[in-house]
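User: I've got a two-chain model open on my screen. Could you walk me through it with some questions and answers?

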Amino acid sequence: MSEPTARKYTKEHEWIDIEGSVATVGITAYAADKLGDVVFVDLPTIGSSVAEGRVVGEIESTKSVGELFAPVNGTVLDINEAVVATPELVNSDPFGEGWLIKVEFTELPELLTYEQYSALVGE
Amino acid sequence: MTDSSESNTPERLSPLHAQHVAAGASFTDFAGWQMPVRYSSDLAEHHAVRTAAGVFDLSHMAEIVILGPESADALDYALAGKISAVAIGQAKYSLLLGREGGIVDDLVAYRTGEDRFLIVANASNRAVVAEQLLERCSLFDCQVFDESDDIALIAVQGPKAYEILSQVPGVQVDGLADLKYYWSTPGTFKPVPGERETHELLVARTGYTGEDGFELYVAPDAAPLLWDAIMETGAGSGLVPAGLASRDTLRLEAGMPLYGHELGLDTFPAQAGLGRVVNLKKEGDFVGREAAETGAPDGAPILVGLVSEGKRAGRAGYEVYSSPDAGLVEGRVGVITSGALSPTLGYPIAMAYVDAASASDGAELFIDVRGTRVPASVVALPFYKRETNS
């Protein structure tokens with residue numbers, strides 16, 4: 001995967017790493033920190049189609065529930081089974097081993113750059 | 001993911017704020033205060049309190065002093081319990097009731113002298129508790145002082161709390177080892193050995209975690225040095241600073257109610273399992289007595305514990321149903337007030353108000369977890385009880 005600075009972002013605190021027609025999606029370190037310790041991750045089934053802006057999964061911490069939104073229209077190619085088994089990966093390595101889903105897309109919507117996202121969260 | 005931590009009100013900082021920043025805390029707004037929600041991991045902080053010790057900053061809490069020859073009588077009238085029966089040095093969990101019988105706040109009353117009491121109330125209720133105590137006590141020969149701004153509060157909680165506190169340099173507390181649960185004793189703190197500077201402490205064996213532990217009331221300007229001394233002493237024993245997130249899961253496991261969740265103006269103590277806290281046998285009138293004698297209306301919901309399998313926890317506001325397919329109206333039996341995946345037990349736990357008919361232990365209910373009805377069983381509170389040797 002590319003460096004976080006080269007990835008795209010959403011206002012919902014997701015990062016998107018684009019390789020050809022496949023988008024790998026996770027939540028940002030900022031979001032993981034706000035959530036606290038993640039204890040449960042619910043992801044969509046492989047092969048299901050997802051629509052941009054729709055809830056496709058849940059990330060639960062001891063304190064609260066975060067929703068995972070699909071950043072693009074497409075089909076779920078893969079999900080991170082490791083993060084389902086070991087949800088704390090979302091906290092320990094949100095930009096790496098804590099990735100959540102891979103989606104095959106045909107068209108990219110408008111997404112935030114690293115700089116725009118950083119400005120949004122004030123960091 | 002949405003974030004709603006924006007606020008326009010100026011936030012108050014704890015006297016320990018610099019300590020929290022240095023320890024890398026994340027902050028949350030709590031009753032107008034910027035308080036640490038966690039330092040690194042709320043799960044790690046939770047487990048540290050269960051297995052070793054944690055230190056909490058509770059300086060936002062309200063401390064109100066009642067002073068004067070009729071202060072005990074005044075508190076018998078102002079509060080639900082028989083405060084005049086509390087011995088010097090003893091503490092008592094009590095309730096400030098409204099005239100209609102609902103709960104204005106839950107609090108701890110410490111008798112620190114024949115004619116002196118310290119009332120410790122929730123930060124969010126500071127103004128109303130101070131105002132109500134002032135009004136109710138005005139009928140008696142005593143005075144009410146809101147000393148919240150002049151008192152900091154540090155809690156050391158966990159099985160190693162005594163071992164650590166007894167070794168903090170400069171802390172002198174006579175009889176700490178024999179201090180019983182819900183008793184307090186005065187002590188002193190000398191931050192610098194050999195110097196004359198000495199601060200008074202009130203040390204109480206109380207807490208809100210379900211573990212053994214102590215709460216230390218101290219002047220705000222001495223609090224940072226006391227915090228540092230506790231941290232240094234406990235570091236080798238597994239003591240960590242613990243934030244409000246872990247405090248919430250700890251108190252939930254221990255079945256302790258939280259104002260605004262399990263307790264409120266529309267809740268009668270008996271509904272919350274706190275009927276024993278209202279002393280109807282004490283002589284004389286007290287605010288809320290008449291309503292308490294009448295009791296909660298028929299059919300009023302009752303606070304229960306719910307446990308379920310898996311990892312998906314019911315949370316505050318989630319509805320509880322009688323069956324997996326019962327209708328939204330006729331099948332609804334209650335609502336969750338607090339819930340989490342229990343860090344100690346490993347399964348979801350929740351407190352909920354449910355109809356009396358659904359409140360018996362073992363009743364099988366269903367929590368609507370964001371559209372999915374998850375089976376849950378009614379259990380007696382608390383969910384977690386520490387093992388005691390004595």
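Here is a walk through the chains, sheets, helices and cores.

Analyst: One bit of housekeeping: this is a predicted model, where local features need pLDDT of at least 70, side-chain atom pairs count only at pLDDT 80 or more, and totals for chains, interfaces and linings use all residues. Residues are numbered from 1 along each chain as its sequence is written, while chains are lettered from A and ligands numbered from 1 in the order in which they are written.

User: What is the radius of gyration of chain A, and how does it fit a compact globule?
Analyst: The radius is taken over C-alpha atoms, and the globule rule is 2.2 Å times the number of residues to the power 0.38. For 123 residues that rule gives a value near 14 Å, and chain A agrees with it. The value for chain A is 13 Å.

User: Which strands stand at the edges of the open sheet in chain A?
Analyst: Helices (H or I, at least four residues) and strands (E, at least two) are DSSP runs numbered from the N terminus, and two strands pair if DSSP finds at least two bridges between them. The sheet has 6 strands in the order 1-2-3-9-8-5, with antiparallel pairing. Two of them have a single partner strand each, so one side of each lacks a neighbour in the sheet. Those are strand 1 (8–9) and strand 5 (49–50) of chain A.

User: Which residue stands opposite A:Asp78?
Analyst: Strand 8 (residues 74–79) and strand 9 (residues 101–104) of chain A run antiparallel, joined by 4 bridges. The partner of A:Asp78 sits in strand 9 of chain A. That's A:Lys102.

User: On the sheet of chain B, what angle does the direction of helix 6 make with that of strand 10?
Analyst: This open sheet has 7 strands in the order 11-12-13-14-10-4-15, with mixed pairing. Strands 11 (171–172) and 15 (239–241) of chain B stand at its edges. Helix 2 (residues 42–51) of chain B packs on the sheet, with its direction about 120° from that of strand 4 (axes are lines fitted to C-alpha atoms, for helices over the stretch in contact, and angles run from 0 to 180 degrees between N-to-C directions). Helix 6 (residues 223–234) of chain B also packs on the sheet, and its direction makes with that of strand 10 an angle of about 10°.

User: How many residues of helix 7 of chain B are buried?
Analyst: A residue is buried if 20 or more other C-beta atoms lie within 10 Å of its own, exposed if 12 or fewer, and partly exposed in between, with C-beta atoms placed from the backbone. The cover over helix 7 (residues 244–253) of chain B includes helix 2 and strand 4 of chain B. The buried count is 9 of its 10 residues.

User: How many residues of chain A are in contact with chain B?
Analyst: Contact means C-beta atoms, placed from the backbone, within 7 Å. On the chain B side, helix 2, helix 7 and strand 18 each supply at least two residues. Those 15 residues of chain B touch, in chain A, 15 residues.

User: Which strand gives the largest share of the largest nonpolar core?
Analyst: A nonpolar core is a set of buried Ala, Val, Leu, Ile, Met, Phe, Trp, Tyr and Cys residues joined through C-beta atoms within 7 Å. The largest one has 131 residues, and B:Ile119, B:Ile154, B:Val156 and B:Val218 have the most contacts inside it. The largest share is 6 residues, from strand 19 of chain B.

Conventions: Two residues are in contact if their C-beta atoms, placed from the backbone, lie within 7 Å.
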